[in-house]
Amino acid sequence: MNGAHDLGGMHGLGPINPEPEAEEPVFHADWEKRVFGLTLAAAFPGKWNIDMSRYARERQHPIDYLRHTYYENWLAGLEKLLVEAELVNPEELKTGKAAGPADEPIQQRALKAEEVAETIAKGSPVAMTISTLPRFKSGDSVRAVNRHPTGHTREPRYVRGRVGVIHEYHGAHVFPDRNAEGSKEGRHLYSVRFSAKALWGESAPGRNAVYVDLWEDYLEAA
Amino acid sequence: MSEHHHSHDHDHTEPPSDLVLRVQALESLLIEKGLVDSAAIDVLIDTYETKVGPRNGANVVARAWGDSEFKQWLLRDATAAIASLGYTGRQGEHMKVVENTPTVHNLVVCTLCSCYPWPVLGLPPVWYKSAPYRARAVADPRGVLEEFGTELTDHVEIRVWDSTSEMRYLVLPERPEGTVGWSEADLTELVTRNAMIGVEKAKPPLNIGRSK
């Protein structure tokens, strides 16, 4: 979707103002810690995946997305996911009082303290084996398809319609557009090099380039 | 953060106390429903506050500076090379390492959200997740670098890596001059988190006040 999250190339957002590295804490408030931990833990019943989480945050009103701090966006996304997955109903969310416990099989999947280290170390690889051969190879000229889906996508607006060159083939990975709809499907994934001039016009420094990971559905021969 | 129930004095942001209450209410609701275990949340927080952070990435970089075979492996198959040092898992399942040279400087961003290689760098700093960085890194990388005090000569090609997939990028900074013969442990002191994102270079040796 063409939401406020798709920020590449936007103007007027002001300076970055980084905190000095040596002075920046991992979290800036206790509530941020809890939102971080809750968001990770609440995914374990298996009702959503990473692309559904991203899409939940993206679907906020653009004004809310931009004015919120990072973990406020996580909180808004988590509340949306919990209600949409029917793990929590809106009344429970409003009152903070449970109308009843979650179903037993769901409760059994809740993350336990002793499982955390192994779960983190294992991660969730997204590489898949698919039956089709990759359409493109390194050096091929490709155009990022000019498409504007209203669902989740990882094709940023600033590359759409632009011509680049395949830098590297990454193998087949889970396709986010379909994964956000709950369907785990593999698609070939490529690193595509776009010259700064192709993206930002003739005044951009000629030597610079942006490398973007794009799935085959986002690409056509050029 | 401890004062609750004071009146709204501005229109555009929620008072922090409301936010604190909202998070507390959500956590107690999810515990009551059996959906989360607060001890597991404590361990998750502690893991990324105290255990997994940019020292891991500094160890990867220092090893690559001192061991050319490891460096070639790292550039060819970063996931496996990094796993050999014990850094694996969540948000680092598929790794790529990009090398800075005298003519190429790499910079990592996630314009669409906040993708970042957790096993080697921990959780991202606020600025990495901020709208201005995400907006400008792809369109004006030189301006972004200048804001971090990093000046590059005009002949240096800047390559920006937008983390749109589950591939995660780590910059291998150039090894600073004047570090011949240094131990790996000493070299790690020169490797900052910001250098591994690509907004800065590794520290020059004189800046760490060692007596070598």
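**Two chains, their domains and their interface**

Q: How far apart are the C-alpha centres of domain 1 and domain 2 of chain A?

A: The C-alpha centres of domain 1 of chain A and domain 2 of chain A lie 29 Å apart, the domain bounds being those of an automatic or database domain assignment. This is a predicted model, in which local features need pLDDT of at least 70 and side-chain atom pairs count only at pLDDT 80 or more, while totals for chains, interfaces and linings use all residues. Residues are numbered from 1 along each chain as its sequence is written, and chains are lettered from A and ligands numbered from 1 in the order in which they are written.

Q: Where do those two domains start and end?

A: In chain A, domain 1 covers 21-122 and domain 2 covers 128-221. Between them, 6 residues of domain 1 of chain A are in contact with 4 residues of domain 2 of chain A, where contact means that the C-beta atoms, placed from the backbone, lie within 7 Å.

Q: And how many residues of chain B are in contact with chain A?

A: There, 67 residues of chain B are in contact with 70 residues of chain A. On the chain B side, the largest share, 10 residues, comes from helix 1 of chain B; helices (H or I, at least four residues) and strands (E, at least two) are DSSP runs, numbered from the N terminus. By class, that side of chain B has 36 nonpolar, 16 polar and 15 charged residues, with Ala, Val, Leu, Ile, Met, Phe, Trp, Tyr, Cys and Pro counted as nonpolar, Asp, Glu, Lys and Arg as charged, and the others, Gly among them, as polar.

Q: Which strand of chain A pairs with strand 3 of chain B?

A: Strand 5 (residues 209-215) of chain A pairs with strand 3 of chain B in the parallel sense over 4 bridges, and strands are said to pair if DSSP finds at least two bridges between them. Tyr211(A) stands opposite Trp161(B) there. Strand 3 of chain B also pairs with strand 2 of chain B, in the parallel sense over 6 bridges, with Ile158(B) as the bridge partner of His105(B).

Q: Is strand 2 of chain B mostly buried or exposed?

A: Because 5 of its 6 residues are buried, strand 2 (residues 104-109) of chain B is largely enclosed by the rest of the structure. A residue is buried if 20 or more other C-beta atoms lie within 10 Å of its own, exposed if 12 or fewer, and partly exposed in between, with C-beta atoms placed from the backbone.

Q: New topic: what does helix 3 of chain B pack against?

A: Its buried residues pack against several elements of chain B, including helix 4 (68-76), helix 5 (78-83) and strand 4 (167-172). Since 10 of the 13 residues are buried, helix 3 of chain B is largely enclosed by the rest of the structure, and Trp65(B) is one of those buried residues.

Q: Back to chain A, which residues make up the covered face of strand 2?

A: Val142(A) and Ala144(A) form the covered face, whereas Ser141(A) and Arg143(A) form the uncovered one. Strand 2 of chain A runs antiparallel to strand 3 (residues 163-174) of chain A, joined by 3 bridges, and Ser141(A) has Val165(A) as its bridge partner.

Q: What pLDDT does chain B average?

A: Chain B averages a pLDDT, the predictor's confidence in each residue from 0 to 100, of 92, and 90% of the residues score at least 70. Over residues 1-11 of chain B, however, the pLDDT is below 50. Where pLDDT is low, the predicted coordinates should not be read in detail. For the complex, the predictor gives an ipTM of 0.98 and a pTM of 0.94.

How values were computed:
Contact = placed C-beta atoms within 7 Å.
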